[in-house]
Amino acid sequence: MSAPARCAAAHQDDPVPCEGPHDAVRVVDQHGAEVGACVHHGARLYASLIAPRVYPGSVDGAAIEVYQRARALPPFPWTEGR
Ligand SMILES: [Zn+2]
């Protein structure tokens, strides 16, 4: 495996690279499981979870960015077009 390391929120079927720091935000699912995420994968994960929450990580304003991006995404957006 030579794939570049990605943030913990990157879905294995989502081929795109991370955008910014891997701990820009923290996304928490309905069970309270927390995962660090970049802005890109955080938004995609947020859009795919039931009752998710997003908290600031290492980047100021990133949680709001993730929330606003996720509102424009369908669940599991990386499966679009298949
Ligand atoms: Zn990422």
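Reader: In this model, is H41 buried or exposed?

Author: In this predicted model, H41 is buried, because its relative accessible area is 0% and the cut-off for buried is under 20%. C38 is likewise buried, with a relative accessible area of 0%, whereas C18, at 21% relative accessibility, counts as partly exposed.

Reader: Which protein atoms are the donors of the zinc ion?

Author: The zinc ion has as its protein donors the SG atoms of C7, C18 and C38 together with ND1 of H41, and they lie 2.0 to 2.3 Å from the ion. Read along the chain, these donors follow the spacing C-x10-C-x19-C-x2-H.

Reader: What is the geometry of the site of the zinc ion?

Author: The general idea is that four tetrahedral donors ideally make angles of 109.5 degrees at a metal. Here the angles among the 4 donor atoms run from 102 to 115 degrees, and the site is tetrahedral.

Reader: How many disulfides are counted?

Author: A disulfide is a covalent bond between the sulfur atoms of two cysteines. In this model the count comes to 0 disulfides.

Reader: Which residues of helix α2 are buried, and where do they lie around the axis?

Author: In general, an α-helix has 3.6 residues a turn, so residues three or four places apart point the same way. In helix α2, which spans residues 62–71, the buried residues are A62, A63, V66 and A70. They lie on the same side of α2, because they cover an arc of only 105 degrees around the axis. The elements covering these buried residues include β1 (25–28), α1 (39–48) and β3 (53–56), while the face turned away from the buried side carries the exposed residues I64 and R71.

How values were computed: Residues are numbered from 1 along each chain as its sequence is written. This is a predicted model: local features need pLDDT of at least 70, side-chain atom pairs count only at pLDDT 80 or more; totals for chains, interfaces and linings use all residues. Side-chain values use heavy atoms; hydrogens and water are left out. Donors are N, O and S atoms within 2.8 Å of the metal (3.2 Å for Na, K and Ca); water is not among the atoms, so sites may look incomplete. Four donors count as tetrahedral if all angles lie between 85 and 135 degrees; four count as square planar and six as octahedral if opposite donors are over 155 degrees apart and all others between 65 and 115; anything else is irregular. Buried means under 20% relative accessible area, exposed over 50%, partly exposed in between (1.4 Å probe, protein chains only). Helices (H or I, at least four residues) and strands (E, at least two) are DSSP runs, numbered from the N terminus. The arc is that of the directions from the helix axis to the C-beta atoms. Contact means heavy atoms within 4.5 Å. A disulfide is a pair of cysteine sulfur atoms within 2.5 Å.
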